[in-house]
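Visitor: Please give me a close look at one part of this structure. I want the charged side chains and what surrounds them. Keep it brisk.

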Amino acid sequence: AEYMGHTLTRVSVSSKVGGLAGFVQRKSSCIGCRSALDIEGVAVCDYCKPKEGDIYQKEIVQLQVLEDKFNRLWTECQRCQGSLHEEVICSNNDCPIFYMRMKVQKDLSAQDKLIS
């Protein structure tokens, strides 16, 4: 339990199967403070509502950082492949750039989903 102003505790269910996980319902959480939201379709709680614009801008900046990182990694893969005008066809399991690019791509899609 961690005190965060209006949020007393954070609860995280990691299991998807077994035990009580079958009875737990997933709720969306506030982007600002991560508290559970009662209403579907809203991004922030009543406490964070006055800071909604700042929170949104912070998430947009994070999206831009991830896009920039992905573009730099993509360009590096294109250079390694030898062509800057073709799609990267690479599945080298020993290449750290490949794994970084895949992780950033996953984070980028999660961030895009968060903003949408």
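Guide: Start in helix α1, which spans residues 52-81 and holds both Glu76 and Arg79. These two sit three residues apart, about one turn of the helix. Keep in mind that the model is predicted. Glu76 and Arg79 form a salt bridge, with 3.8 Å between the closest N and O atoms. Now look at exposure. Glu76 is partly exposed, at 37% relative accessibility. Arg79 has a relative accessible area of 55%, so Arg79 counts as exposed.

Move on to helix α2, residues 96-115. Lys103 and Asp107 both lie there, four residues apart, again about one turn of the helix. They form a salt bridge too, and their closest N and O atoms are 2.7 Å apart. Lys103 is exposed at 51% relative accessibility. Its partner Asp107 is partly exposed, at 26%.

A further pair is Lys58 and Glu59. Their salt bridge has its closest N and O atoms 4.0 Å apart. Is each partner buried or exposed? Lys58 is exposed, with a relative accessible area of 51%. Glu59 counts as buried, because its relative accessibility of 8% falls under the 20% cut-off. A search of the whole structure finds five salt bridges, including these pairs.

One more charged residue deserves a stop. Arg34 lies in the segment before α1. Arg34 has a positive phi of about 70°, although it is not a glycine. At 47% relative accessibility, Arg34 counts as partly exposed.

Next, the nonpolar surroundings. In soluble globular proteins, nonpolar side chains tend to be buried together. Here the largest nonpolar core has eight residues. Four of them are cysteines: Cys30, Cys33, Cys45 and Cys48. The others are Ile31, Leu37, Val44 and Ile55. Take Val44 as a way in. Leaving aside neighbours within four places in sequence, Val44 contacts Cys30, Leu37 and Ile55, which belong to that core. Val44 also contacts two charged residues, Lys49 and Glu52. A second, separate core has six residues, among them Leu66, Leu73, Val104 and Leu108.

To retrace the charged pairs, go from Glu76 and Arg79, to Lys103 and Asp107, to Lys58 and Glu59. Glu59 is the buried stop on that route. Lys58, beside it in the pair, is exposed.

Notes:
Residues numbered from 1 in each chain as written. Predicted model: local features only at pLDDT ≥ 70, side-chain atom pairs only at ≥ 80, totals over all residues. Heavy atoms only, no water. Salt bridge = Lys/Arg side-chain N within 4 Å of Asp/Glu carboxyl O. Buried < 20%, exposed > 50% of the residue type's maximum accessible area, 1.4 Å probe, protein only. Core = buried A, V, L, I, M, F, W, Y, C linked by side-chain atoms within 4.5 Å. Contact = heavy atoms within 4.5 Å.
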